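Got the viewer open? Here is a short tour, one selection at a time.

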Amino acid sequence: MPRAGLSWEKLIQAGAVLADSEGFSALTLAALARQFDVKLASLYAHVRNSDDLKAGVALLALDLLAQWAEAAVAGRTGKEAVVALAEAHRRFAGEHPGLFEAARFPLSAEQAAGSGGPRLARTMLAALRGYELSEADQVHAVRLLGSFFLGFSLLERSGSFAHSQPEPGQSWRRGLDALDVTFTNWKTT
């Protein structure tokens with residue numbers, strides 16, 4: 001019988017908070033059981049296992065990141081849209097480090113299809129509308145954007161840029177300028 005007051009939604013929300021404060025790797029059923037002051041077995045009425053919990057947090061993370069991206073890109077095209085999209089990703093990584101990591105948790109095909117991931121991909125495609133890219137090249141461009149957003153954010157969050165000048169924001173802006181030049185001059189091969 002499910003414990004009164006606990007629910008799937010409550011566990012996922014608490015998991016998201018725990019992931020942001022302690023790191024996604026710290027998200028375990030045992031940690032949530034301690035947080036709710038319940039026996040571990042009580043959680044199994046709401047989640048199947050640890051992967052189920054992590055997938056739920058990943059789905060929440062993707063939905064939230066998609067919301068941030070959609071709001072950032074709304075009404076913008078070309079470089080302005082790409083920069084706004086990039087800033088939304090970087091800010092999300094800074095404000096929600098655990099959820100940023102959770103957004104990369106492997107999901108089943110069914111879970112991924114129903115997640116914020118496809119919305120995020122559509123938003124990235126919308127940001128690229130101002131560039132004259134073929135449909136095939138749009139896929140490459142979305143992958144390039146995702147790689148830049150993820151790679152830069154992970155390196156920045158881990159402190160990799162903390163020991164040299166200039167400050168990371170300058171490199172971030174130069175990278176976005178380079179992406180704009182790349183997309184503007186993209187030639188189909």
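Start with the lining of the largest pocket: by class, 13 of its residues are nonpolar, 3 are polar and 1 is charged. Keep in mind throughout that you are looking at a predicted model. The lining comes to 17 residues in total, and if you want the ones nearest the pocket centre, select L62, L65, A103, R104 and L120. The pocket itself has a volume of about 360 Å³. Which elements give two or more residues to that lining? Colour helix 4, helix 8 (117-127) and helix 9 (135-157), and you have them.

While helix 8 is lit up, pick out T123, which sits in that helix. Is T123 buried or exposed? It counts as buried, because its relative accessibility is 7% and the cut-off for buried is under 20%. Now show what surrounds this threonine: leaving aside residues up to four places away in sequence, T123 touches A69, E70, V73 and L85.

Next, go to helix 4 (residues 50-73) and bring up helix 1 (residues 8-22) alongside. Two packed helices are described by the angle between their axes and the distance between the axes. Here the angle is about 75°, and the axes are 9 Å apart. That makes helix 1 roughly perpendicular to helix 4, since angles of 65 to 115 degrees fall in that class. To see who makes the contact, select W8, L11, I12, Q13, G15 and A16 on the helix 1 side, then D52, L53, G56, V57 and L60 on the helix 4 side. Colour the contact residues by class and you get 7 nonpolar, 3 polar and 1 charged.

Keep helix 1 on screen and swap its partner for helix 2. This pair packs at an angle of about 105°, with the axes 11 Å apart. Helix 1 is therefore roughly perpendicular to helix 2. From helix 1, select K10, L11, A14, G15 and L18; from helix 2, add A31, L32, Q35 and F36. How many residues of each class are in this contact? There are 6 nonpolar, 2 polar and 1 charged. Leave L11 and G15 highlighted for a moment: they belong to the contact with helix 2 and also to the one with helix 4.

Now for a couple of loops. Select K39, found in the loop between helix 2 (29-36) and helix 3 (40-43). K39 is exposed, with a relative accessible area of 67%. Try a distance label from K39 to L29, 10 residues away along the chain: their C-alpha atoms are separated by 9.9 Å.

Then jump to G159, in the loop between helix 9 and helix 10 (168-184). Its relative accessible area is 24%, so G159 counts as partly exposed. Draw another label, this time from G159 to G75, which is 84 residues away along the chain, and you should read 34 Å between the C-alpha atoms.

Finally, zoom out and show the whole chain as a cartoon. There are 10 helices and 0 strands, giving the pattern α-α-α-α-α-α-α-α-α-α along the sequence. Along the principal axes, the C-alpha atoms fill a box of roughly 60 × 40 × 30 Å. Colour by accessibility and 41% of the 189 residues count as buried. If you draw contacts with a separation of 6 or more, 73% of them come from residues 24 or more positions apart.

Notes: Residues are numbered from 1 along each chain as its sequence is written. This is a predicted model: local features need pLDDT of at least 70, side-chain atom pairs count only at pLDDT 80 or more; totals for chains, interfaces and linings use all residues. Side-chain values use heavy atoms; hydrogens and water are left out. Axes are lines fitted to C-alpha atoms, for helices over the stretch in contact, and angles run from 0 to 180 degrees between N-to-C directions. Helices (H or I, at least four residues) and strands (E, at least two) are DSSP runs, numbered from the N terminus. Angles under 35 degrees count as roughly parallel, over 145 as roughly antiparallel, 65 to 115 as roughly perpendicular and the rest as oblique. Contact means heavy atoms within 4.5 Å. Ala, Val, Leu, Ile, Met, Phe, Trp, Tyr, Cys and Pro count as nonpolar, Asp, Glu, Lys and Arg as charged, and the others, Gly among them, as polar. On a 1 Å grid over the protein atoms alone, a cavity is a set of points where a 1.4 Å probe fits but cannot get out, and a pocket is an open set with protein on both sides within 12 Å along at least five of seven lines; lining residues have an atom within 4 Å of a point. Grid points are joined across faces, edges and corners, and a volume is the space filled by probe spheres set on the points. Buried means under 20% relative accessible area, exposed over 50%, partly exposed in between (1.4 Å probe, protein chains only).
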